[in-house]
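Dear colleague,

I am passing on the structure we talked about, together with my notes on what turned up in it. Please look through the sequence and the model first, and then read on.

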Amino acid sequence: MADRPVADSSGFKQALFWTILNEARIAYALIDTSYRVVFLNDHYLQSRKMDAGYPLGSKCYDIANGGVPCRSCIMRDVLEKGGPCKILRKDILADGACTYSDDLAIPIRDAGTGDTKYVLEIMIDRTAEMDARERDFAVFLRIIDSLMRLLEEKDYATCRHSRHVSAISAKLTHYLGLGPTAVFNATLGGLLHDLGKLYIPDAVLNKMDRLDDAEYAIIKEHPVFTWVVMSGMSSFKPIRDVAIAHHERWDGMGYPKGVSGRDIPIEGRITAIADTYDAMTSDRPYRRAMPHEAAMAEIKKSAGTQLDPDLVELFVAMVGEYGHDRESLVEDNGYDSDALAPTSDRVRPPFAEDYVLYVRQQDAAVAESTTAGAGHTRAMAREAGIVTPDKSIEDLLASDAFIDAVLNSTPAYYSLVDDDWNVLYVSDNYAAFHGKPRGELLRGKCYHMVGKSQPCHLAGGGALCPAASALATGERQYSLLAEDRDGQRLYFDNYAIPTEMEGPDGRKVKCCLEILFDRSAEKNRQYAFEQDIRHLVEKLHNMLTEILPDVSANAHQIVREVHLFCDYLDRAASASGGGGNHP
Ligand SMILES: [Fe+2]
């Protein structure tokens, strides 16, 4: 056995750095302050499907945006803010494939002047997770459509009214410029606001005369029932908060909670206006519909008592500006299960604000003018002799400061162990995650880090050790790791990559580089959603048997459809191995 390579020595870090650059499947680009690309690693070229290579020294937006400076540019953000920036980015590649990545940009400064000399861009693929998110969102919308068809089976007029309230709420929220999340909440909150009427007896719901006090008390329960249908499901929380508020009043005299003013969520105050307008302009069993103008006059009169006066003013302004009549106000601008895809303009998913869209139109001529293959990026930097006024890129790439930036700035945990399980390297963030000083971890064995007294694969209990598999097979291994910590379930994409490092005596030591990407937020969201849908199916089954025993065969069919979505999600989750970023 050769001596251990010396962690933190310059040569060791250099070797580790190049192993990560070449093996970690993380895209790195180094760009100077005039947007010229001075370094790309091989994975950058591969992930952008630029296998023919790329001429260094060209502008970054030549590769990213067909030669036009990007509308949203993380490079510009870094240069303006003078600190690191992060976005979730979406690229349409030349072949039409859509990819998502975490995109981080870190300023690399001149040690002397402190000026930013370069920006290091780091991209980690998140396509599988985002695909799962979009798939779940599509399922979510289909389920909402099923709920509306169930409501239609119960009472056609309530269903039609709900669609109107949704359409008006969407228009007003959009007019207020509140952003896609609010539009989403108001549109779906408006749509589902009367869902609780599924629980109201037909004799009360469809009574031809005015309701007596007892009947009115029953009707007033419906926002709470709406809440009940959507309770216990985190995916429905923003919508149910809106839905339960549609009979609250600005002056606090509404129901069910009696909250007032701005304590009512804004989307709830919007649906209250939409609900009031559509109720007045619709025929009811006991009265005829009011004309549009008369309803608008009533809405104005309710400002400051029943309705938010500012929102009423804006509603009136919107109606005037667009020349709306009732027909155009309640017009559904495309809400149906097919039209309401996550990218639809009218309703965008709540996460739409999270990412910046980059559309890449690769210019075929750029690819053809390439002078070197992807495998020669490092040599290209050297041969191209691209130099800054003070040092060459090659020197920069070799500098400890730059290597530390790469090793410690990526949102990934790195560790390196030899084939005797000695820990040769841990990144600072990984040591922090284990809550131990880095020096202590470096003196120990890897299994000590996870509280074991012998190697994981020997510790029994069928424990899987990706590092042991990687060292035994000589091939990279992927696994999804789960761990409970402080009452939270954490998930990591784990890559174990076999490699070799040089010991102090010059002999090669077999090692395994382990890289962990934290996927907890996305995995927990995904599992919570699947749990929500199962919970909903259970509720709908109970509703059919206990509350609506006489409903039509159609209603049972609708619930069966929702059930099928559970099976679909289960299949999709197992087909993708639980989601995540796969090798
Ligand atoms: Fe209502």
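How many bridges join β4 to strand β5, and in which sense do the two strands run? Please keep in mind throughout that this is a predicted model. There are 9 bridges between β4 and β5 (residues 116-125), and the two strands run antiparallel. One place to find this pairing on your screen is D103, whose bridge partner in β5 is M123.

Strand β4 (residues 98-109) also pairs with strand β3 (residues 85-92), again in the antiparallel sense, this time over 8 bridges. Here K86 can serve as a landmark, since its bridge partner in β4 is L104. The hairpin that β3 and β4 form has 5 residues between the strands, and in it G96 takes a positive phi near 90°. Strands of a sheet in general pair through backbone hydrogen bonds, in either a parallel or an antiparallel manner.

A little earlier in the chain comes helix α4 (residues 74-81), in which I74, M75 and V78 are buried. Viewed down the axis of α4, these buried residues fall within an arc of 110°, and they therefore line one face of the helix. Just after α4, G82 has a positive phi, of about 70°.

As for the protein overall, it has 583 residues, of which 38% count as buried, and its secondary structure comprises 25 helices and 11 strands. Of the contacts between residues at least 6 apart in sequence, 62% join residues that are at least 24 apart.

Next, the helix pair α12 and α13. Helix α12 (residues 266-280) packs with helix α13 (residues 292-302) at an angle of about 140°, and their axes are 9 Å apart; the crossing of α12 past α13 is right-handed. On the α12 side the contact is made by I273, T276, Y277 and M280, and on the α13 side by A295, E298, I299 and S302. Sorted by class, this contact has 5 nonpolar residues, 2 polar ones and 1 charged one.

The loop between α12 and α13 holds R287. Is R287 buried or exposed? R287 has 10 C-beta neighbours inside 10 Å, and because a residue with 12 or fewer is classed as exposed, R287 counts as exposed. In sequence R287 is 79 residues from M208, while in space the two are 9.0 Å apart, C-alpha to C-alpha.

Finally, there is an open sheet of 5 strands, whose order is β8-β7-β11-β10-β9 and whose pairing is antiparallel. The edges are taken by β8 (423-426) and β9 (477-485), each of which has a single partner strand, so that one side of each is left without a neighbour in the sheet. On average, and with direction ignored, neighbouring strands of this sheet are turned by 25° against each other. Within the sheet, strand β7 (residues 412-418) is joined by 7 bridges to the antiparallel strand β11 (residues 508-518), and one of the residues involved is A412, whose bridge partner in β11 is F517. Helix α23 (residues 466-473) packs on the sheet, where it touches β7, β9, β10 (488-502) and β11, and its direction makes about 30° with that of β10.

With best wishes

Note on methods:
Residues are numbered from 1 along each chain as its sequence is written. This is a predicted model: local features need pLDDT of at least 70, side-chain atom pairs count only at pLDDT 80 or more; totals for chains, interfaces and linings use all residues. Two strands pair if DSSP finds at least two bridges between them. Helices (H or I, at least four residues) and strands (E, at least two) are DSSP runs, numbered from the N terminus. Axes are lines fitted to C-alpha atoms, for helices over the stretch in contact, and angles run from 0 to 180 degrees between N-to-C directions. Two residues are in contact if their C-beta atoms, placed from the backbone, lie within 7 Å. A residue is buried if 20 or more other C-beta atoms lie within 10 Å of its own, exposed if 12 or fewer, and partly exposed in between; C-beta atoms are placed from the backbone. The arc is that of the directions from the helix axis to the C-beta atoms. A crossing is left-handed if the near helix is turned anticlockwise from the far one by less than a right angle, and right-handed if clockwise. Ala, Val, Leu, Ile, Met, Phe, Trp, Tyr, Cys and Pro count as nonpolar, Asp, Glu, Lys and Arg as charged, and the others, Gly among them, as polar.
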